[in-house]
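Welcome, and please open your viewer. We will take a short walk through a protein model, one selection at a time.

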Amino acid sequence: MTNAELTKETVAGTAESAEKARIGAPSAEAQAASNVRRIAGMNEEGEQLSEINPVYSPLGGAAAKSHSHGAGAGIPDSSRAGRLTSYNAADFAAITGREEDWRFTPLKRLRGLDKVALDGAAPGLSIQKPDAVTVEAVARGDARIGSAGIPDDRVSAAAWGAFTEATVITVPADFAGTAEDHVTTVTLTGVGEAPAASHLFVHAQANSAAVVVLDHRGSAVVSENVEILVEDGAQLTVVSIQDWADGAVHASSQQMKIGRDAKLKHVVVNLGGDLVRINPSARFSGPGGDVEMYGLYFADAGQHFEQRIFVDHAVPNCKSRVTYKGALQGKNAHSVWVGDVLIRKEAEGTDTYEMNRNLILTQGARADSVPNLEIETGLILGAGHASATGRFDDEQLFYLQARGIPEDVARRLVVRGFLNEIIQQIKVPALEERLRDAVERELKAGAL
């Protein structure tokens with residue numbers, strides 16, 4: 001990295017390289033520190049502006065420790081382990097913007113998605129799929145709904161309370177459909193700007209293999225819940241593309257549950273829309289699970305792209321990798337990446353690493369990047385995180401220009417190479433080509 005870059009690297013344990021750290025058993029000092037009494041109003045990240053559930057609230061104190069599907073559950077502390085979960089939006093306090101989970105989000109641009117009433121029309125669905133894959137429209141009372149996750153913020157809970165019909169996509173057991181002509185593509189097209197709710201359920205049954213693409217287009221103001229259930233031994237790739245029209249607002253909670261020896265690859269691509277906020281959460285339900293989470297975003301002037309990732313290691317011998325990369329150009333282009341990884345005391349043998357990289361292409365753009373790692377056991381294979389935000393690498397540009405490549409072409413080559421690491425993970429040639437073309441259009445729009 002060069003002096004022109006503004007770089008933030010957070011590592012834990014003994015570093016294997018400048019970008020990777022491994023963590024072993026906690027030191028005696030660390031164990032002692034964990035028993036130190038916290039200062040009121042402070043947590044590990046500094047000043048806590050507002051509590052998630054104040055003691056005097058209906059969900060505070062001892063009430064927050066009890067769980068029911070109606071009343072919510074959660075422990076009011078700084079850990080993701082204590083995050084309130086509930087199907088009922090009224091259990092969540094009104095969002096003020098001072099909460100840690102919402103401090104980066106421009107609330108006025110949510111267009112009412114934090115309210116309980118979402119009575120607009122949900123995006124229309126068009127589905128292309130192999131014959132073996134089934135698609136159903138089910139009522140909210142279907143037993144499968146809710147089996148992969150529970151809302152953990154007010155916007156997600158409001159959408160949960162508002163949807164009337166869910167779409168369930170089922171990949172049958174032992175199905176092998178990773179070839180390009182076996183991809184299931186769900187195109188969701190916005191049909192209006194009244195605040196709306198949407199619910200999808202993607203179910204990969206035992207020992208199946210499939211690719212599912214969620215392609216968001218058109219104009220909409222929508223809060224979406226996506227449940228992804230990967231049963232034992234299954235291998236599933238889910239690609240969520242946000243290629244909305246200008247002015248669209250999209251909040252999506254994508255909750256994933258990964259079974260024993262199952263593997264999930266989850267890819268988020270943010271290209272269009274005014275405000276897009278994606279919350280992917282992965283939880284392991286059996287040992288041997290493996291999750292790879294990738295993200296690509298290209299923010300133009302005025303766009304706000306926010307990604308908040310959570311990986312919950314609650315069972316032994318599971319692996320996770322998180323890699324998100326973004327480019328930003330134009331005045332007030334803003335990206336937010338928050339990566340939370342929790343290794344619970346039961347999760348011995350965990351192997352995890354998360355990384356975020358941001359490339360600032362012009363003046364006036366801003367990228368916020370916050371990696372977080374909580375470890376409750378020292379009996380793990382490894383854990384680490386890294387984050388960096390910077391401008392073009394002068395050495396890379398010099399190298400290309402020294403070989404006769406004009407500066408503008410050299411800059412585009414650097415950006416293409418930077419983002420192509422994510423694109424090539426999709427393994428669907430036609431989709432990869434579409435995304436490369438989209439990146440090229442963004443570069444031309446920015447006159448780079």
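## Stop 1: a covered strand

This is a predicted model. Begin by selecting strand S19 and showing its side chains. His334, Val336, Val338, Asp340 and Leu342 point one way from S19, while Ser335, Trp337, Gly339, Val341 and Ile343 point the other way, and all are buried. The strand covers residues 334–343, and ten of its ten residues are buried, so it counts as mostly covered because buried means under 20% relative accessible area.

## Stop 2: the neighbours of S19

Keep S19 on screen and add strand S17, residues 304–313. How does S17 run relative to S19, parallel or antiparallel? The two run parallel, joined by ten bridges. To find a place where they meet, select phenylalanine 305, which stands opposite serine 335 in S19.

Now add strand S21, residues 366–375. S21 also pairs with S19 in the parallel sense, over ten bridges. Zoom in on aspartate 340 here: its bridge partner in S21 is asparagine 372.

## Stop 3: alanine 386

Next, select strand S22, residues 382–390, and pick out alanine 386 within it. Is alanine 386 buried or exposed? It is buried, because its relative accessible area is 0%. Now select tyrosine 353 as well. Alanine 386 and tyrosine 353 are 33 residues apart along the chain, and 8.3 Å separates their C-alpha atoms.

## Stop 4: aspartate 215

Move on to strand S11, residues 209–230, where you will find aspartate 215. Aspartate 215 is buried too, with a relative accessible area of 3%. Which residues does aspartate 215 touch, leaving aside those up to four places away in sequence? They are Val186, Thr187, Leu188, Ile241 and Arg434.

## Stop 5: two helices

For the last stop, select helix H4, residues 407–423, together with helix H5, residues 429–445. Two packed helices are described by the angle between their axes and the distance between those axes. For H4 and H5, the angle is about 150° and the axes are 11 Å apart. Their crossing is right-handed.

Show the side chains where the helices meet. From H4, look for Arg412, Val415, Arg416, Leu419, Asn420 and Ile423. From H5, look for Glu432, Leu435, Arg436, Val439, Glu440, Leu443 and Lys444. Try colouring this contact by residue class: you should find six nonpolar, one polar and six charged residues.

Key. Residues numbered from 1 in each chain as written. Predicted model: local features only at pLDDT ≥ 70, side-chain atom pairs only at ≥ 80, totals over all residues. Heavy atoms only, no water. Axes fitted to C-alpha atoms, helices over the stretch in contact; angles between N-to-C directions. Helix = DSSP H or I, 4+ residues; strand = E, 2+ residues; numbered from the N terminus. Left-handed = near helix turned anticlockwise from the far one by under 90°. Contact = heavy atoms within 4.5 Å. Nonpolar A, V, L, I, M, F, W, Y, C, P; charged D, E, K, R; others polar. Buried < 20%, exposed > 50% of the residue type's maximum accessible area, 1.4 Å probe, protein only. Pairing = 2+ DSSP bridges.
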